[in-house]
Amino acid sequence: MSMTQEHHVYKVKSFQNRLYLASKVNSSRTFGLLYDKIYREEILYEAWCRVKKNRGSCGVDKIHIRTVVEDIGEDVFLREIRQCLMDENYTASEIKRVYIPKDNGAVRPLGIPTLKDRVIQMAVKLIMEPIFEADFADCSKGFRPKRSNQQAAEEVHKLVNHNKWVVDVDLKSYFDTIPHDQLMNFVRQRIRDRRLLGLINQWLKAGILEEGKIRRPESGTPQGGVLSPLLSNIYLHEIDKLWCNNQSVRLVRYADDAVFLCRSEAQANWVLGQLKEQLSGLFLTLNEEKTKVCHVREGFNFLGFTYKEAYSYRSHKTVRIKFPIPKRLVGMQRKIKEAVKEFPLGVPLTEVIKSVNRKLSGWAQYFKIGNSYESALKLSSFTCLQLRIFWRRRKQRKDINGYQKWSNEYFYNKGLHYVPKLLR
């Protein structure tokens, strides 16, 4: 990192710290005159660096990150954005609708803003986030600085030792049903800069381009937008406030995934009733088919893990375990298979293994906090099978005895990760 980059990062962090402390000291303070902070040189530069690091595909204008880096020029691109914001003639572009596969075979809709919109949204996030971070409760773990899905998973694992009755919450189409007016009211509790509020409103109302047609949303904040996770946390903070100080009922929330951990079945049913009323006041609804009350011995799913009580023959007592949800394993197996099939037969085996190793490392890095050994064994065996199929086609061998010629050990010697070892 150059001295200029270090200086920009230092200035941004210092400014964010001042905003956080001012917000923390006075919980009723509102902040005005923030718009001009958005187009500060260091703010825009940091916003661009974060967007570039996150990569992502292009929006409706078909401008990629590499287009800016190689053709337009990063300095020129940022100067144009800065001038546009200073002149107050910025208009949000339409959002490109895409669909990505989920582990269960379904698809998830995403909204992809243009690169210019993503940079400006990131700049606004850099300003807004420390202000609202001062308010957010510790039970909220999703899309926040210094918090992660692993922390949320570990917190649940610890709490179910005493709070064994669980309200497993599933919100129905949460990101698509957030009312814009209500959301903006919550934002105004801290932000009163009309120009900044105008930017947020533009992004909420931006048209969604799908199959050549533009739809104007009346509610919701599109998944895929840079500012959407922060806005969704602001909205659900209204629920967090009602439960975060309850020492008997413990809430752990990661974005729209949440569990309430209770001491008894009666308490869990009471929590579910209260929650329905509270969500109704926010114009949100529960997915009745997926929301349930259960005991930990029955098992429940949260953030990719199944939590359950099981008898330990080693310690001769009932213990809490968490292990990868089977569909997460199946989903990773599908990704491995697709990754291997994408390579032409002329590509060296070591290149295929490098690509596969990145996926295996990511899976193991997350699931190593659970009882994941059996799943890791299955994943390793499946990966070797896919590589064996690839290598047999490369060698133009049609025999079914590929395992005898190319055992699992053959691929491990070529550099393939042994997934159980990655869990250590």
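Which residues have the most contacts inside the largest nonpolar core? In this predicted model, they are M128, V187 and F260, and the core that holds them has 78 residues. Helix α6, which runs over residues 115-133, gives the most to this core, with 11 residues. A second core, separate from the one just described, has 45 residues, and V156, V347, Y366 and L379 are included in it. Both cores can be read against a general background: in soluble globular proteins, nonpolar side chains tend to be buried together.

M128 offers a good place to begin looking at the contacts themselves. Leaving aside residues up to four places away in sequence, M128 touches V187, I191, L196, I200, L230 and I234. One of these partners, V187, belongs to the buried residues of helix α9, together with H180, Q182, L183, M184 and F186. The cover over these buried residues of α9 includes α6, α10 (194-205), α11 and α12 (265-281).

The meeting of α9 with α11 deserves a slower look. Helix α9 spans residues 180-188 and helix α11 spans residues 228-243; their axes come within 10 Å and cross at roughly 85 degrees. An angle from 65 to 115 degrees counts as roughly perpendicular, and α9 and α11 are therefore roughly perpendicular to each other. On the α9 side, the contact is made by Q182, L183, F186 and V187, which meet L231, I234, Y235 and E238 of α11. By type, the residues of this contact divide into 6 nonpolar, 1 polar and 1 charged. The spacing of such residues is easier to follow with one general point in mind: an α-helix has 3.6 residues a turn, so residues three or four places apart point the same way.

Turning to the strands, β9, β10 and β11 form an open sheet in that order, with antiparallel pairing. The edges are taken by β9 (300-302) and β11 (317-324), each of which pairs on one side only. From one strand to the next, the twist averages 35 degrees. Between β9 and β10 (residues 305-312), the antiparallel pairing extends over 3 bridges, and F300 stands opposite Y307 of β10. Helix α7 (residues 149-159) packs on this sheet and touches β9, β10 and β11, while its direction makes about 160 degrees with that of β11.

Strand β1 (residues 95-101) pairs with two strands in opposite senses. With β2 (residues 107-112), β1 pairs in the antiparallel sense over 6 bridges, and V98 has L110 of β2 as its bridge partner. With β4 (residues 208-210), β1 pairs in the parallel sense over 2 bridges; here I95 is matched with I208 of β4.

Two loop residues finish the picture with their backbone angles. Most residues other than glycine have a negative phi. K146, although not a glycine, has a positive phi of about 60 degrees. K146 lies in the loop between α6 and α7 and is exposed, with a relative accessible area of 83%. E211 is also not a glycine, and its phi is positive, near 55 degrees. The loop between β4 and β5 (213-215) contains E211, and this residue is exposed too, with a relative accessible area of 77%.

Note on methods. Residues are numbered from 1 along each chain as its sequence is written. This is a predicted model: local features need pLDDT of at least 70, side-chain atom pairs count only at pLDDT 80 or more; totals for chains, interfaces and linings use all residues. Side-chain values use heavy atoms; hydrogens and water are left out. Two strands pair if DSSP finds at least two bridges between them. Helices (H or I, at least four residues) and strands (E, at least two) are DSSP runs, numbered from the N terminus. Axes are lines fitted to C-alpha atoms, for helices over the stretch in contact, and angles run from 0 to 180 degrees between N-to-C directions. Contact means heavy atoms within 4.5 Å. Angles under 35 degrees count as roughly parallel, over 145 as roughly antiparallel, 65 to 115 as roughly perpendicular and the rest as oblique. Ala, Val, Leu, Ile, Met, Phe, Trp, Tyr, Cys and Pro count as nonpolar, Asp, Glu, Lys and Arg as charged, and the others, Gly among them, as polar. A nonpolar core is a set of buried Ala, Val, Leu, Ile, Met, Phe, Trp, Tyr and Cys residues joined through side-chain atoms within 4.5 Å. Buried means under 20% relative accessible area, exposed over 50%, partly exposed in between (1.4 Å probe, protein chains only).
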